[in-house]
Amino acid sequence: MKNTNRFPRAARLLRAALFFSAAALAPAAAGALPFWLRLPEQASTYAPEVDRLFHLIMWITGVIFVIVEAMLLLFLWKYRHREGRVATYTHGNNRLEVVWTIIPAVICVMLALLSRRIWEDIKEHMPHDALEVHVTGEQFAWNFRYPGPDGKFDTPDDILTLNQLHFPVGKPVVVTLTSKDVIHSFFLPEFRVKQDAVPGMHSRIWFEGNKVGHWEIACAELCGLGHFRMKGFVTVDTPADYEKWLAEQAAEQAGEQKQATVPAATDVKPVSAPAAGERRAGVEAEQSGGSAPERVAEKGGNS
Amino acid sequence: MSTVAKPREVHHAGVHAAPTSFWRKYVFSVDHKVIGIQYLLYALSMLVVGGLLATLVRYQLAWPGRPLAFMGKIAPEGMPGGLMLPEYYNSLFTMHATIMIFFAIMPILIGAFGNYVVPIQIGARDMAFPHLNMASFWVAVPAAVIIIWSFFVTGGAAAGGWTSYAPLSAIQPKGQTLWLISLLILGLSSLLTAVNFLTTIINLRAPGMTFFRLPLTTWALFITALLLLLALPVLSAALIMLLFDRILGTTFFLPAGLVVSGQAWPNAGGGQVLLWQHLFWFFGHPEVYIMILPAMGITSEILPVFARKPIFGYRAMAYSMCGIAGLGFIVWGHHMFQSGMNPILGTTFMISTMVIAVPSAIKTFNWLGTLWRGNIRFTTPMLNALTFVSMFVIGGLSGVFMASTPVDIFIHDTYFIVGHIHYVLFGGSLFGAFAGLYYWYPKMFGRMMNETWGKVHWAITFVTFNLVFFPMHFLGMRGMPRRIYDYSQYTHLKGLQPMNQMMTISLFVLGAGQVILVLNFFLSMRRGPLAGPNPWHANTLEWQTSSPPPHENFVGRVPTVYRGPYEYSAPGHGSDYWPQNEAPGPVAAKAHA
C-alpha cells in the first residue's frame with residue numbers, strides 16, 4: 001500500500017505547525033505582547049476569571065485554527081493539479097463523520113459548562129453586605145444615587161452624582177440599573193462589567209474593586225447622537241478616602257438643596273430640577289470641547 | 001421526499017411563450033434567468049453604495065473630526081463644511097449594515113444565484129410561479145428607492161443601528177419610518193421568493209432528480225427558503241408594531257415613565273423594551289444563516305468541480321444544513337446576554353449556541369475531506385471558494401468567544417463583534433458570492449471572465465480584507481465599543497488611532513480593487529473568449545445546456561437524471577466528470593459489471 005506513508009508525513013507537518021504556533025504565542029505568557037494584543041488592566045475581583053476563560057478559548061480556537069488552516073494549505077500544495085494526477089474517488093467516511101461531530105461537540109459542551117459557573121457567579125448570585133448604588137442612564141449621562149446616611153433609597157438624604165462613581169476597594173458593590181429614555185449599556189472595561197440599562201427594567205449586577213484607581217465608564221449601547229460622549233468616571237478609593245468623598249458630596253448637596261429647594265427626590269429629578277439641569281449642561285459643554293462639532297451641545301436630544 | 005418528480009413533458013406546451021418585445025424580454029421579464037441577472041445588477045449596485053458608506057465610516061474612525069471638503073457639497077446637512085456630525089455617522093453605519101444585509105448580500109445570493117441556477121440545476125423550465133417571481137423583483141425595487149431616498153429627508157436616514165433597538169428607534173427622526181416601510185416591502189419580496197423556491201424545488205425536479213441527487217447549492221437554497229418563510233413574518237410583525245408606535249401612538253415597546261430630553265414621552269406605558277429584541281433576533285439569527293447557507297452551498301458546489309473529486313460526505317453536508325436550520329431558531333437569545341434578560345435563560349441560549357457550532361464544524365471538515373487527494377485546479381472561482389473556507393473558519397471560531405456568556409460580558413458591543421460578523425459576512429458570504437459570480441458568469445453571459453484579472457482581484461481583496469477586519473478583534477480586546485463616532489473621547493482608547501488608520505487605508509485599497517471586478521464583469525461580456533456549454537467540465541444540469549441557456553432552459557425534453565451531482569474521477573469512466581443526465585453507456589456498464 002503506497003498510501004500508508006502519507007500519514008506520518010502529514011503528522012510530522014502538523015507537529016511542526018503546532019510547535020511554531022506555540023512558539024509564536026509563548027510571549028503571551030511572558031507579558032511581552034504589545035498593548036493591543038493584551039486585554040485591559042484587571043480592576044475587579046472576577047476580571048482574572050473572565051480573562052482566564054478568554055485565554056482558554058483563545059488557545060482552543062487558536063489550535064483548531066492552526067490545524068485546519070495548515071491542513072487546508074497542505075492539501076492545496078500536495079494535491080495541486082499536475083499532469084497525470086488522478087483524484088481519489090471517494091464519497092466520504094462515516095467513521096470520520098462521527099469523530100468530527102463528537103470532538104467539537106465535546107469541546108463546546110465543556111466550554112459551556114466552564115462558562116456557566118463563572119456566569120452564575122457574576123450575574124446570578126448577588127453578594128450580601130454590599131454597597132448599593134442605583135444607576136440611571138439618560139441621553140447622554142450617568143446618574144448615580146447613593147442611599148445616604150439613612151441607608152435607604154428615595155429619601156431626601158440620598159446622594160446624587162453625575163458621571164462620577166466612587167466606591168471603596170475590597171467591598172462588593174451591587175448596582176441597580178435603569179434608564180429614563182432609551183437603552184444604554186453600563187460598560188466598565190477594566191472591571192469586565194457590562195449590563196444594559198433598560199427603561200422600565202431594573203437590572204442588578206455586582207462587582208468588587210481589587211485595586212485603588214481611576215478609570216472610565218463607557219456607554220456600549222447606541223443611544224443617539226451623543227452616544228460617543230456618554231462617558232463616566234469610576235474611582236476606586238481606599239475606605240477612608242471613600243468616606244471622605246461621600247461626606248463632601250453630602251455637604252455639597254445640602255448646600256445646593258438650601259439654595260434651590262428641590263422637590264422630593266424622584267427618578268426624574270436630575271433633569272427637571274434646575275440645579276441638576278445646569279450641572280448636566282455644564283458636563284456636556286465640557287465634554288464636547290474635543291473634536292465633536294458644536295452642534296452636539298446645542299441639540300439636547302432627538303427629533 | 002425522495003420520490004421522483006413527475007416529468008414536466010406531460011403538460012408542456014411551454015411554461016410561457018418566448019417574449020418578443022424589449023420590455024417583456026429585459027425589463028418586465030418572467031424568465032428566471034433574466035430576473036436572476038436583474039437581481040445581480042441590483043445587488044452589485046447596492047454593494048457599491050454600501051461599500052462607499054463604509055469608507056466614510058472608516059474615514060471618521062481613522063481621522064476623527066477631519067473635514068472632507070467634497071462631502072460638504074454632497075451631504076450639506078450631515079457633513080456641513082465636510083465635517084461629519086455624530087448623527088450622520090450613526091446614519092452611515094446603520095445604512096451600511098442595512099444595505100449590505102438586505103439589499104446586497106441577500107439579493108446576490110438568493111435573488112441572483114438562486115433564481116438563475118436553481119431551476120436549471122433541478123432540470124426545470126422556469127420557477128413554479130414565473131409571474132410571482134417577476135413581482136418579487138419589482139417589489140424589491142421600490143424598497144431600494146425608499147431606503148436611498150431616506151438619506152434626503154429632514155433629519156437624515158435611520159440612525160438607530162441596523163438592529164433598530166426600541167425605544168431609540170421609536171423616537172428617531174422620519175428616516176426611521178422610511179427604513180421600516182422599506183424593509184416591510186422588501187420582506188414581502190423575500191417571502192414571495194421563498195414560497196416560489198420551495199414550490200419549485202419540491203415540484204419541478206426533472207425525472208430522476210431525487211432530493212439526495214440535488215446539487216448542494218439547491219439544497220442550501222431550499223433550506224434558506226424555509227428559514228425565510230418561517231423567520232420573516234416575525235420581523236414583519238415587529239416592524240409593523242414599531243411603525244404603529246411611531247405613527248399611531250401605540251406603545252408596544254414603550255414602558256411607562258419614559259422621559260426624553262426632560263420631557264415625558266406622550267402616552268408611553270405598558271410596553272416592553274426587550275420585546276423588540278426578542279422578535280428582532282428571532283428573525284435575526286436565522287437571518288445570519290440565510291446569508292451564509294447559500295454561500296456554503298456555492299462553496300460545496302465549486303470545491304468538487306475544481307478538486308475533480310466527489311464532495312466528501314454529501315449526506316452529512318445536507319443533514320448539517322438541516323441541523324443549522326433547526327438550531328438556528330433557538331439561539332436568538334445569545335444576542336441578548338447583557339440585555340437584562342434573565343441570566344438563567346442566558347445559560348440556556350449559551351448551550352444551544354455552542355451546539356450550533358457543531359454542524360458548521362462538520363461542514364468545514366467535509367470541505368477539507370473534499371480537497372484531500374484531489375486534483376486541484378486554482379481557477380478564480382476556486383480561489384474565492386477556498387477563501388470562503390479559510391475565512392469562515394475564523395468567523396466561526398471567533399463566535400465561540402461571544403457564545404461563552406462571561407467572555408461576552410466584556411466583548412459584547414465591542415469591535416470584536418464587528419470583526420466576527422465581517423469574517424462571516426464578508427469573508428464568508430461575499431467571497432462565496434464572488435466565487436459564484438466567477439463560476440456562473442460563463443453560463444449567464446456565454447463568455448469567460450479574464451482569469452488573470454480575476455486572480456489579481458482575488459489577491460487584492462483577500463489581503464486587504466484581512467488587514468481591514470482582523471485588527472477589529474484587537475480593538476475589541478482593548479474595549480473599543482462599536483458604533484462610536486469618536487473613540488478619542490476615551491483616554492483608554494486613544495492609542496488605537498494608528499491601527500484604525502492602517503485599517504482605513506487598507507479599506508481604500510480594498511475598495512479600489514473592486515474596480516477590477518467591475519471592469520472584468522462588463523468588458524468580458526463582449527471581449528471574453530466564448531465559454532461553450534460546459535467550460536469547467538462540471539456535472540450539474542446547468543452545464544448540460546448552452547451558455548446562456550435557451551428560452552425554457554433545455555432544447556427538447558428536460559433531462560433525465562441518472563446519478564448524483566459530484567461524480568468526478570469515477571474509475572472506469574472515460575473522462576474525469578460524469579454529467580448527471582448522461583445515460584449509463586457501454587463504458588459505464590462495463591465498469592459496473
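## Two open sheets in chain A

Gly137(A) stands opposite Trp142(A), a residue in strand 2 of chain A. That pair is a good place to begin a walk through this structure, which is a predicted model.

The setting of this pair is the meeting of two strands: strand 1 (residues 131-138) and strand 2 (residues 141-146) of chain A pair in the antiparallel sense, and five bridges link them. Both strands belong to an open sheet of five strands in chain A, whose order is 3-2-1-5-8. Pairing in this sheet is mixed. Its edges are formed by strand 3 (159-162) and strand 8 (203-207) of chain A, each of which pairs on one side only. From one strand to the next, the twist averages 25°.

Now for the other sheet to explore. Here too, five strands of chain A form an open sheet, this time in the order 4-10-9-6-7, and the pairing is mixed. At the edges are strand 4 (164-168) and strand 7 (193-197) of chain A, with each pairing on one side only. The twist here averages 20° from one strand to the next.

Which strand does strand 4 of chain A join through five bridges? The partner is strand 10 (residues 232-237) of chain A, and the two run parallel. Within strand 10, Val234(A) is the bridge partner of Leu165(A).

Here are the two strand pairs side by side.

| Strand pair (chain A) | Sense | Bridges |
|---|---|---|
| Strand 1 and strand 2 | antiparallel | five bridges |
| Strand 4 and strand 10 | parallel | five bridges |

Methods. Residues are numbered from 1 along each chain as its sequence is written. Chains are lettered from A and ligands numbered from 1 in the order in which they are written. This is a predicted model: local features need pLDDT of at least 70, side-chain atom pairs count only at pLDDT 80 or more; totals for chains, interfaces and linings use all residues. Two strands pair if DSSP finds at least two bridges between them. Helices (H or I, at least four residues) and strands (E, at least two) are DSSP runs, numbered from the N terminus. Axes are lines fitted to C-alpha atoms, for helices over the stretch in contact, and angles run from 0 to 180 degrees between N-to-C directions.
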